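The following exercises show how statements about a protein model are built up from distances and accessible areas. Please attempt each task before reading its solution.

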Amino acid sequence: SMQTKAVLFVVCLLCLIVWSSQLPSQLPSRVAGTAHCCLRSAVVRGDSADVGYSLRKSQHSPLRIRGGAGDGESEGEPKKVSLLDELKTNLSWNPADHPSGVHWALCVVLNLYVAFGAPLASYIPVLKDLALSRKPKKEIRVTKADLERIQREALRKEQDEEFEKSLLEDKVKAKAEKKQQELEEAADKAAQEEADAKSSVLDGYRARVEEAKSKLTPEPDAGPGVVVLRLRCPDGLQLTRRFRTDGEVAGIYHYLDVERCSKAETAADPDEAKMALANEEYSLVSTRPKLSLDDKTATIASAGVTTSCALMVKPVAREG
């Protein structure tokens, strides 16, 4: 059929292109240039007999310029350009733009081959390279509606990013506020617990002082069985009072608690002063004679105090 013949013709031409792509496209011009140079050298030397030999030799050997670097390719020799490279760069349909009719015909066939979709090009690397180099680039035309759509999408994307950023900032802010609120609540709770504990301690101390007042007996008059005791406290308070020797040692402690509480009432911060007294445990000791009045149920005389003396208030560390 006609289609089969056309395909076979195109395939033959393509095979010709592949074969001829390895040949230099400027071979005739190079030969002519080489012959001209050889002829000119012979004429300059005056050796007319060597002109024919030089022409014959130039057809089979490349031109070498005297004074060059060794046997390498000289700088005056034109660079080899294959037919394949020219077909990649020259896409013109005009015969005047091609060095020969064969070159133009190959270019036309190649253009038609690409226009028909370049069949079998994927199986032949050279044809695939030629097809890709001659494939026209598609121009992307953007209409006004497309431009407006792109602008709307960009604006919507920007708004979405700003919205997400705002949501993230709100979440971070809410998390920080929640954490700050939790810290404040914890601080308030701790302060309330501390205040409750302090109030409980003060209530217990006040109850202890009131009990001491109720159990404290009046100060006796001087006479037999009565001793004068001087009491020295760590805060510098000094007290003097008469006690009966047959009275309990607890009476001395009751007297100290009442008097020290009365002094705390006159402090700059009564509650703090009372808290210090409430958290303090103490005992009464004497250096002359050396005594320690720890048993509060014993009588003053049985504890060793039979004459007037001085007793010091000695703080005792709490157990546990």
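**Exercise 1: Charged pairs**

Identify the residue with which Glu265 forms a salt bridge, and state whether each partner is buried or partly exposed.

*Solution.*
Step 1. Glu265 pairs with Lys274, and their closest N and O atoms are 2.2 Å apart. A salt bridge is a side-chain nitrogen of Lys or Arg within 4 Å of a carboxyl oxygen of Asp or Glu.
Step 2. The model is a predicted one, in which local features need pLDDT of at least 70 and side-chain atom pairs pLDDT 80 or more, whereas totals for chains, interfaces and linings use all residues. Residues are numbered from 1 along each chain as its sequence is written, and side-chain values use heavy atoms, leaving out hydrogens and water.
Step 3. Lys274 is buried, with a relative accessible area of 5%, while Glu265 is partly exposed at 42%. Buried means under 20% relative accessible area, exposed over 50%, and partly exposed in between (1.4 Å probe, protein chains only).

**Exercise 2: A link across the sequence**

Explain why the salt bridge between Asp235 and Lys263 ties together parts that are apart in sequence.

*Solution.*
Step 1. The side chains of Asp235 and Lys263 meet at 3.9 Å, N to O.
Step 2. Asp235 belongs to the loop between β1 (226–232) and β2 (238–244), and Lys263 to helix α8, so the pair ties together parts that are 28 residues apart in sequence. Helices (H or I, at least four residues) and strands (E, at least two) are DSSP runs, numbered from the N terminus.
Step 3. Asp235 is partly exposed, at 46% relative accessibility, and Lys263 is also partly exposed, at 36%.
Step 4. A search of the whole structure gives 11 salt bridges. Among them is the one between Asp246 and Arg244, with closest N and O atoms 3.3 Å apart. Asp146, Arg149 and Glu153 are linked in a network of salt bridges.

**Exercise 3: A buried acid without a partner**

Describe the surroundings of Asp257 and find the nearest side chain of opposite charge.

*Solution.*
Step 1. Asp257 is located in helix α8, which covers residues 250–265.
Step 2. Asp257 is buried but has no salt bridge: the nearest side chain of opposite charge is that of Arg208, 4.1 Å away. Here Lys and Arg count as positive and Asp and Glu as negative, while His and the chain ends are not counted.
Step 3. Apart from neighbours within four places in sequence, Asp257 is in contact (heavy atoms within 4.5 Å) with Tyr205, Arg208, Val209, Ala212 and Tyr282.

**Exercise 4: The cavity**

Which residues line the largest cavity?

*Solution.*
Step 1. The whole structure has 1 cavity of 30 Å³ or more. A cavity is a set of points, on a 1 Å grid over the protein atoms alone, where a 1.4 Å probe fits but cannot get out; lining residues have an atom within 4 Å of a point.
Step 2. The largest cavity holds about 40 Å³ of space. Grid points are joined across faces, edges and corners, and a volume is the space filled by probe spheres set on the points.
Step 3. The lining consists of Tyr205, Arg208, Asp257, Arg260, Leu277, Glu280 and Tyr282. The elements that give two or more residues to this lining are α7 (144–215) and α8.

**Exercise 5: Two helices**

Compare the end-to-end distances of α7 and α5 with the spans expected at 1.5 Å a residue.

*Solution.*
Step 1. The expected span of a helix is 1.5 Å times one less than its number of residues.
Step 2. Helix α7 has 72 residues and should span 106 Å; its end C-alpha atoms are 105 Å apart, which agrees.
Step 3. Helix α5 (residues 101–115) has 15 residues and reaches 21 Å from its first C-alpha to its last, close to the expected 21 Å.
Step 4. In α7, Leu202, Tyr205, Val209 and Ala212 are buried. The buried residues of α7 pack against α8 and α9 (270–278).
Step 5. In α5, the buried residues include His103, Leu106 and Leu110. Ala105 is found in α5 and is partly exposed, at 33% relative accessibility.

Note on methods. 1 Å grid on protein atoms, 1.4 Å probe; cavity = no way out; pocket = protein on both sides within 12 Å on 5 of 7 lines; lining within 4 Å.
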